[in-house]
Amino acid sequence: MTYLLHLDSSANVASSASRLLTAEVAARWAAAAPGREIRHRDLHADPLPHLPTNALHFTAEQRPPDAVAPDAGVVALQTALLDELSGAAGVLIGAPMYNFSMPSTLKAWLDYVHVIGATSPAAQGVAPLRSKPVLVVSSRATPTGADPRTDFVLGPFFTILGEFMAMDVDGVVVHTEPPAEPGDYHRPADEVRGELAALVDAW
């Protein structure tokens, strides 16, 4: 089965720009070829527990000696998340900006899948997810995000998934309100739709 892993994290379930745009992109990807499916994980509706121990940042062989050992249930959860990510043809992420950061529910997912010795560090040859495409759509009202790689929300994806895990990351900012001042960096939904379509078509 060929599937796209689609992650939503917006707490706005009624009119979220990130939910709307990622749903459109996911539908476009699925319709482009037969046999494609969407595996949707709503991290707001069904949040992951935050890491109960720093041991989960490492494989069992590389855990710090003083780390509290995780219980079997959370190990099974992490294994399932890693298997889901590994099996995906690509990853589509809706990441609204909350208080100049990503939602904590989405950060929890990142914490589970960035595992030293399993998915990282690419610089040391640990890169089983190398070149897997990732598209992150980050919505916000304020005029931020002119440089996606240094953006408050998108920056960590370029660093964690891109640099450390060697995935092929693209990030797009969309603004939901008019610019506050003339000349502010501002990209409404209609402007980014074409870019999102081109990026996912290239997969």
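A residue counts as buried under 20% relative accessible area, as exposed over 50%, and as partly exposed in between. Keep that in mind for the close-ups below, which show a predicted model.

**View 1. A salt bridge ties helix 1 to helix 5.** Here the side chains of Glu-24 and Arg-193 meet, N to O, at 2.8 Å. Arg-193 has a relative accessible area of 28%, so this residue is partly exposed. Glu-24, at 33%, is partly exposed too. The two residues lie 169 residues apart in the chain.

**View 2. Welcome to the open sheet.** Five strands line up in the order 2-1-3-4-5, with parallel pairing. Strand 2 (36-42) and strand 5 (168-175) each have a single partner strand, so one side of each has no neighbour in the sheet. From one strand to the next, the twist averages 15°.

**View 3. Strand 4 meets strand 5, and helix 1 packs on the sheet.** Eight bridges join strand 4 (residues 133-140) to strand 5; in one of the pairings, Val-134 has Val-169 as its bridge partner. Helix 1 (residues 17-31) touches strands 1, 2, 3, 4 and 5, and its direction makes about 175° with that of strand 1.

**View 4. A salt bridge between Arg-140 and Asp-151.** Their side chains come to 2.8 Å, N to O. Arg-140 belongs to strand 4, while Asp-151 sits in the loop between strand 4 and helix 4 (154-164). Arg-140 is buried at 3% relative accessibility, and Asp-151 is buried at 6%.

**View 5. Arg-187 pairs with Glu-191.** Their closest N and O atoms are 3.1 Å apart. Arg-187 is buried at 13%, whereas Glu-191 is partly exposed at 45%. Elsewhere, shared salt-bridge partners join Asp-8, Arg-19 and Asp-42 into one network.

How values were computed: Residues numbered from 1 in each chain as written. Predicted model: local features only at pLDDT ≥ 70, side-chain atom pairs only at ≥ 80, totals over all residues. Heavy atoms only, no water. Pairing = 2+ DSSP bridges. Helix = DSSP H or I, 4+ residues; strand = E, 2+ residues; numbered from the N terminus. Axes fitted to C-alpha atoms, helices over the stretch in contact; angles between N-to-C directions. Contact = heavy atoms within 4.5 Å. Salt bridge = Lys/Arg side-chain N within 4 Å of Asp/Glu carboxyl O. Buried < 20%, exposed > 50% of the residue type's maximum accessible area, 1.4 Å probe, protein only.
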